[in-house]
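Please open the structure in your viewer and keep the sequence panel beside it. This tour proceeds one selection at a time, and each stop tells you what to look for.

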Amino acid sequence: MTDLSSRLGLPAEFNEWQGTIKYPDSISFEPWRKTLMNGVLWRSLEIAQSYKGEDILSFLLKYGEPNATFYSGQRGICENSGMQQLLKEHNLRLDTTILPPGLIGREFLRTMGHGHIGFPEIYQVISGNCAFLTFQVEKENGCAKKIARPRVVFAKQSDAVILSAQEFHISVNIGNTHLLLANIVSLKTPPLTDFSLINEYHGGPYYLVRGSVGEIVFERNPSYGKYEVPELERTSPSPQVNKQLQLKKEEPIFKLIPGRIGLLDFLNAA
Ligand SMILES: [Fe+2]
């Protein structure tokens with residue numbers, strides 16, 4: 001078990017092999033998990049391409065136990081009633097996500113992905129290596145017309161990344177260990193996040209796959225064929241984020257609460 005306190009900003013221990021977190025009883029949260037069966041892997045490149053309508057259970061067994069946890073997390077993490085009150089006053093929620101390493105077919109394991117319907121979000125890598133794959137959808141009369149600004153942000157431990165209100169985002173584990181992410185998002189975000197194109201087209205406009213010598217290759221998602229998809233922009237976390245949030249080197253974003261919580265109010269600006 002690894003003591004996460006200095007990295008997460010809250011008391012916790014991380015089992016890096018199992019990908020589990022243990023908090024003291026004083027910490028409250030709502031646990032959640034995704035399984036093969038509840039749809040996550042349906043959207044992997046391999047599964048999207050190879051599923052031909054056969055029996056779902058036996059098809060999924062090729063990839064693992066259908067009802068086992070694939071990835072998981074904790075929503076609404078809070079240390080005490082004072083913190084709970086403060087987060088409520090500022091309309092903020094603290095969450096974590098744990099994603100195992102590995103591949104499905106050639107594709108790196110990733111979250112299903114979503115958007116927050118008009119609200120930005122802050123993520124921080126607590127453990128592991130992440131590629132945040134993001135893109136925007138320009139709509140006309142409620143219909144998607146154009147894919148804009150697809151980008152990938154390569155982030156390592158302690159890197160903080162702000163995703164804009166318009167960015168759909170998918171977190172990809174490109175490392176060899178469990179990826180642990182912390183995030184802060186507005187409570188004003190609708191409870192049902194926006195999965196629109198991601199659901200329909202089994203992911204974003206690009207997939208991250210492992211090349212023949214282990215390198216990361218970006219492959220276009222053919223399901224987005226009717227859209228003009230711009231070239232993927234490859235970026236690093238902006239040092240501006242740490243300046244904006246007054247974060248010291250390797251300081252956890254959860255440490256912004258309570259003293260610097262006002263710096264997070266922009267997360268509520270839809
Ligand atoms: Fe998000």
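Begin by selecting Tyr 207, which stands opposite Glu 219 in β16. Before going further, note that this is a predicted model, in which local features need pLDDT of at least 70 and side-chain atom pairs count only at pLDDT 80 or more, while totals for chains, interfaces and linings use all residues. Residues are numbered from 1 along each chain as its sequence is written.

Now widen the selection to strand β15 (residues 206–210) and strand β16 (residues 216–220), which pair in the antiparallel sense over 5 bridges. Strands here are DSSP runs of E with at least two residues, helices are runs of H or I with at least four, and both are numbered from the N terminus; two strands pair if DSSP finds at least two bridges between them. With 5 residues between them, β15 and β16 form a hairpin, and in its turn you can select Gly 214, whose phi is positive, at about 90°.

Next, go to the open sheet of 3 strands, which run in the order β1-β2-β3 with antiparallel pairing. Its edge strands, each pairing on one side only, are β1 (2–3) and β3 (20–22). Select strand β2 (residues 13–15) as well, and you will find that β2 and β3 pair in the antiparallel sense over 3 bridges, with Ile 21 in β3 as the bridge partner of Phe 14.

From here, move to the largest nonpolar core, which has 53 residues, and select Cys 130 and Phe 132, the residues with the most contacts inside it. The largest share of this core, 6 residues, comes from strand β14 (residues 179–186). A nonpolar core is a set of buried Ala, Val, Leu, Ile, Met, Phe, Trp, Tyr and Cys residues joined through C-beta atoms within 7 Å, and a residue is buried if 20 or more other C-beta atoms lie within 10 Å of its own, with C-beta atoms placed from the backbone.

Keep Cys 130 selected and add some of the residues that it touches, not counting those up to four places away in sequence; among them are Val 125, Ala 155, Ile 174 and Leu 181. Touching here is contact, with C-beta atoms, placed from the backbone, within 7 Å. Apart from the largest core lies another, of 8 residues, among them Met 112, Phe 135, Val 137 and Ile 198.

Finally, show the whole protein, which has 6 helices and 17 strands, and in which buried residues make up 37% of the 270 residues.

Definitions and conventions. Buried ≥ 20, exposed ≤ 12 C-beta atoms within 10 Å, placed from the backbone. Contact = placed C-beta atoms within 7 Å.
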